[in-house]
Amino acid sequence: MRALRYLRLWAALAGTLATGCSTVDLGDPPADVNACRPSQDFFANGGLWDMFLNKDYGGKKCSDSACHAAGAGRPLSLTIPAPVSPVPLPLPSDWMANYISATEQMQCSNVHSSPLLSNPAGIVTHGGGKLIEPDGPEATLIEMWVTAP
């Protein structure tokens with residue numbers, strides 16, 4: 001009797017394995033999912049760091065302790081990375097931390113609505129005030145960063 005029960009269980013299991021698992025087609029993922037991976041080289045060596053994030057804006061920089069320094073508790077968190085030129089790829093950890101923090105503030109499909117641009121451009125309220133023009137050179141740098149190979 002026990003052997004017959006095991007035989008039936010084995011037959012049921014074999015039937016299940018033979019038919020495979022059913023899957024659900026969820027369709028294609030949205031085009032922008034995981035798509036915002038701007039160039040690390042452009043970030044570190046192409047000007048985005050030096051001419052935007054580490055630029056002096058009338059005596060203040062994005063990475064200042066009162067602004068976006070690592071301990072400031074804001075979404076954009078920056079540290080002053082070790083000075084090397086050119087910055088090697090893959091990025092060293094201090095550079096990578098800044099890169100990740102900046103990319104988390106990007107919307108590659110709509111650069112102008114990204115907090116990395118809309119906040120310092122004064123499009124939305126920014127504690128540091130309006131630092132750049134929405135169509136100025138820094139905005140161009142951000143657009144170039146997103147499209148750089």
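Okay, let's start with rings: those of Phe, Tyr and Trp (its six-membered ring) count as a pair if their centres lie within 6.5 Å, and planes under 30 degrees apart make the pair stacked, over 60 edge-to-face, and the rest tilted. By that rule we get five aromatic pairs here. Take Phe-43 and Trp-49: the ring centres are 6.2 Å apart and the planes sit at 50°, so this pair is tilted.

Before I go on, this is a predicted model, so to speak of a local feature we need pLDDT of at least 70, and side-chain atom pairs count only at pLDDT 80 or more, while totals for chains, interfaces and linings use all residues. Numbering runs from 1 along each chain as its sequence is written, and side-chain values use heavy atoms, with hydrogens and water left out.

Now, are Phe-43 and Trp-49 buried or exposed? Both are buried, meaning under 20% relative accessible area, where exposed is over 50% and partly exposed is in between, with a 1.4 Å probe and protein chains only. Trp-49 also pairs with Trp-95, and that one is edge-to-face, at 5.8 Å centre to centre and 70° between the planes. Trp-49 sits in helix H3 (residues 48-53) and Trp-95 in helix H4 (residues 93-103), so the pair ties together parts that are 46 residues apart in sequence. Helices here are DSSP runs (H or I, at least four residues), numbered from the N terminus. Trp-95 is buried, like Trp-49. Put Phe-43, Trp-49, Trp-95, Tyr-99 and Trp-145 together and you have one aromatic cluster.

What does H4 pack against with its buried residues? Those residues are Trp-95, Asn-98, Tyr-99, Ser-101, Ala-102 and Thr-103, and they pack against helix H2 (40-45), H3, helix H5 (115-118) and helix H6 (137-147). Phe-43 has plenty of company too: leaving aside neighbours within four places in sequence, its contacts (heavy atoms within 4.5 Å) include Leu-48, Leu-53, Asn-98 and Ala-102.

On to the core. In soluble globular proteins, nonpolar side chains tend to be buried together. A nonpolar core is a set of buried Ala, Val, Leu, Ile, Met, Phe, Trp, Tyr and Cys residues joined through side-chain atoms within 4.5 Å. The largest one here has 29 residues, and Phe-43, Phe-52, Leu-53, Leu-116 and Trp-145 touch the most other members. H2, H3, H4, H5 and H6 each supply at least two residues of this core, and H6 gives the most, with five.

Two loop residues next. Asn-54 is in the loop between H3 and H4, and at 18% relative accessibility it counts as buried. Leaving aside neighbours within four places in sequence, Asn-54 is in contact with Trp-49, Lys-61, Ser-63 and Ile-80. Its C-alpha is separated from that of Leu-78 by 9.3 Å, with the two 24 residues apart along the chain.

Then there's Gly-129, in the loop between H5 and H6. With 27% relative accessibility, Gly-129 counts as partly exposed. Beyond its neighbours within four places in sequence, Gly-129 is in contact with Asn-119 and Pro-120. Gly-129 and Asn-119 are ten residues apart in sequence and 8.3 Å apart in space, C-alpha to C-alpha.

That's the tour, happy to go back to any of it.
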